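Biologist: Please take a close look at a single part of this model and set out, in one connected account, what surrounds it and how the rest of the chain is arranged.

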Amino acid sequence: MKFEAIRKALVQPLSSILEGFDLVYPNNKYESKPDRNHARIFIIMNQPTISTLGAGGYDEHTGILQVSLYTPKQRTDFPLLRAADQVEQTYQEFVRRSYLTSDGVNIRVTSIGVGASQSSDNWFFAPITISYTTYIKGL
């Protein structure tokens, strides 16, 4: 259940900070509404690497939580910028002070950054990249 625990821990803070944004997870049906902000959420996991050897050894799991914020095009970008600030401030806590935790898995956020805003069809969007690492006991 380690991959499920990683996902749960990484996305848990989003539900409480992105007010006014629908959260769209992979493999969930969602039809965007022209007047509704939404955030598309992806987790890109790297291949784990052996961190310590032996029966009690740990594997290092790293990856990226990608949160793409979408607001309707031709409107102000302030809701998008405020949401990006909220995500950055919330996840910054897990860079230096704390861990994201679920089902015994502790995740450290290693960096967070907002990419260049872009336009696409009827949407204005900004990608937020949150890099993480965790150590999980190997098999």
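Modeller: In the pairing of β4 with β8, Gly63 has Tyr132 of β8 as its bridge partner. These two strands run antiparallel and are joined by 15 bridges; strands are taken to pair if DSSP finds at least two bridges between them. Helices (H or I, at least four residues) and strands (E, at least two) are DSSP runs numbered from the N terminus. The model is predicted, so local features need pLDDT of at least 70 and side-chain atom pairs count only at pLDDT 80 or more, whereas totals for chains, interfaces and linings use all residues. Residues are numbered from 1 along each chain as its sequence is written, and side-chain values use heavy atoms, with hydrogens and water left out.

β4 has further partners. It pairs with strand β2 (residues 37–45) in the antiparallel sense over 8 bridges, and there Ile41 stands opposite Val67 of β4. Strand β3 (residues 49–50) also runs antiparallel to β4, with 2 bridges; Ile50 has Asp59 in β4 as its bridge partner. Of the 15 residues of β4 (residues 58–72), 11 are buried, so the strand is largely enclosed by the rest of the structure. Here buried means under 20% relative accessible area, exposed over 50%, and partly exposed in between (1.4 Å probe, protein chains only).

Thr71 is one of the residues of β4. It counts as buried because its relative accessibility is 2%. Beyond residues up to four places away in sequence, Thr71 touches Phe21, Asn37, Pro79, Leu80, Asn122, Trp123 and Phe124, where contact means heavy atoms within 4.5 Å.

β4 also contributes to the nonpolar core, a set of buried Ala, Val, Leu, Ile, Met, Phe, Trp, Tyr and Cys residues joined through side-chain atoms within 4.5 Å. The largest such core has 32 residues, of which Leu14, Leu18, Leu69, Val87 and Tyr91 touch the most other members. At least two residues of this core come from each of α1 (2–11), α2 (14–17), β2, β4, α3 (78–96), β6 and β8. The largest share, 7 residues, is supplied by α3. Tyr91, leaving aside its neighbours within four places in sequence, is in contact with Leu10, Val11, Pro13, Leu14, Leu65, Leu100, Val109, Ile112 and Ile130. In soluble globular proteins, nonpolar side chains tend to be buried together.

Turning to charged groups, the model has 3 salt bridges, each a side-chain nitrogen of Lys or Arg within 4 Å of a carboxyl oxygen of Asp or Glu. Glu4 and Lys8 form one of them, with the closest N and O atoms 3.2 Å apart; both residues lie in helix α1, 4 residues apart, about one turn of the helix. Lys8 also meets Asp103 in a salt bridge (3.7 Å, N to O). That pair links distant parts of the chain, with Lys8 in helix α1 and Asp103 in the loop between β5 and β6, 95 residues apart. Asp103 is exposed because its relative accessible area is 58%, and its phi is near 50°, a positive value in a residue other than glycine. Asp22 and Arg36 form a salt bridge with their closest N and O atoms 3.0 Å apart. Asp22 lies in strand β1 (residues 21–24) and Arg36 in the loop between β1 and β2, 14 residues apart. Through shared partners, salt bridges join Glu4, Lys8 and Asp103 into one network.
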